[in-house]
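Biologist: Please pick one part of this model and look at it closely. Show me what sits inside, what faces out, and how the charged side chains pair up.

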Amino acid sequence: MAILGILWPTFALVGLIFVVWATLFFQRFRHMKRTPPRAADFADGEAALRYFRPVEMPANNLANLFEMPVLYFALVPLLILTGQANHIQVTLAWAFVAARALHSFIHIGPKKVQWRFMVYLLSVIVLMAMWIGFFVDMVHAAGEISRAADAMGDMMGDVN
C-alpha cells in the first residue's frame, strides 16, 4: 500500500526522539556520576535546572521535538485516513524528518545557532507545505464530492 509510505518517515522521527531521549539520559547520568548532586541541587525546579545546566541541550532539544513535530504527528493520520498520503507528502515528510534530525544534531552537538535556526526554518517551511498541500487536496476532494452529488441529484430529477 503506497499510502502507508508516510509511516516510514514517521517511524524515523519517533526513532530520533528516542535517540535524543537516550542522549539526555546518558549525559545526565554521566553528569551525576562526575558531579554527585546534593539535596540542595533538587530543592526546587530552578536548583535542578542549575545543576543540569552543563548538559541541558539534549533536554532543550527533546522539548523542541514536542513543539512543531506535534503538527506533523497530527497530520500523518489525517493523510492516511483521507487517502492523501501521496508521493509528494511522503517526500516532504522525509525532508521534514531529515531537517529535524539535522536540527537535533546541531542543537546537541556543535551548537551553531545560525545553522540551527536555518535548519529549523527549513523544517517549518516543509511542514507548512505539507499542511497547505493537504488543505488544497481536501478542498479539491470536497469540490469533487459536491459535483458528484449535484450530478446524482440531476440524474434523479430526470428519472422523476
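Modeller: What follows starts with one helix, then turns to the core, the surface and the salt bridges.

This is a predicted model, in which local features need pLDDT of at least 70 and side-chain atom pairs pLDDT 80 or more, while totals for chains, interfaces and linings use all residues. Numbering runs from 1 along each chain as its sequence is written, and side-chain values use heavy atoms, without hydrogens or water.

Start with Thr 10. Thr 10 sits in helix H1, residues 7-34 (helices are DSSP runs of H or I, at least four residues, numbered from the N terminus). Thr 10 has a relative accessible area of 10%, so it is buried (buried is under 20%, exposed over 50%, partly exposed in between, with a 1.4 Å probe and protein chains only). The side chain of Thr 10 makes a polar contact of 2.7 Å with that of Tyr 72 (N or O atoms within 3.5 Å, one able to donate a hydrogen and the other to accept it; residues adjacent in sequence count only through side-chain atoms on both sides). Leaving out residues up to four places away in sequence, Thr 10 touches Tyr 72, Phe 73 and Val 76 (heavy atoms within 4.5 Å).

Tyr 72 leads into the core. The largest nonpolar core holds 23 residues, and Tyr 72 is among those with the most contacts inside it, as are Ile 6, Leu 13, Val 20, Leu 79, Phe 96 and Met 130 (a core is a set of buried Ala, Val, Leu, Ile, Met, Phe, Trp, Tyr and Cys residues joined through side-chain atoms within 4.5 Å). H1, H4 (68-82), H5 (87-108) and H6 (113-159) each contribute at least two residues to this core. Take Leu 79. Beyond its neighbours within four places in sequence, Leu 79 contacts Ile 3, Ile 6, Gln 84, Ala 85, Gln 89, Met 130 and Phe 134.

H1 also has an outer side. Phe 26 belongs to helix H1. Phe 26 is exposed, because its relative accessible area is 51%. Phe 26 lies 10 residues from Leu 16 in sequence and 15 Å from it in space, C-alpha to C-alpha. Phe 25 is in H1 too. At 41% relative accessibility, Phe 25 is partly exposed. Both phenylalanines join Val 14, Phe 18, Trp 21 and Phe 29 in a nonpolar surface patch, with about 650 Å² of accessible area together (nonpolar patch members have over 30% relative accessible area, no salt bridge, and side chains joined within 5 Å; areas are Shrake-Rupley, 1.4 Å probe).

Now the charges. The whole structure has 3 salt bridges (a Lys or Arg side-chain nitrogen within 4 Å of an Asp or Glu carboxyl oxygen). Asp 41 pairs with Arg 38 at 3.1 Å, N to O. Asp 41 is buried at 11%, whereas Arg 38 is exposed at 56%. Glu 46 pairs with Arg 50, with the closest N and O atoms 3.4 Å apart. Both lie in helix H2 (residues 45-52), 4 residues apart, or about one turn. Glu 46 is exposed at 57%, and Arg 50 is partly exposed at 48%. Arg 147 meets Glu 144 at 2.8 Å, N to O. Arg 147 and Glu 144 are 3 residues apart in helix H6, so about one helical turn separates them. Arg 147 is partly exposed at 48%. Glu 144 is partly exposed at 40%.

Conventions. Patches are made of residues with over 30% relative accessible area and no salt bridge: like charges are joined within 9 Å, nonpolar side chains (Val, Leu, Ile, Met, Phe, Trp, Tyr) within 5 Å.
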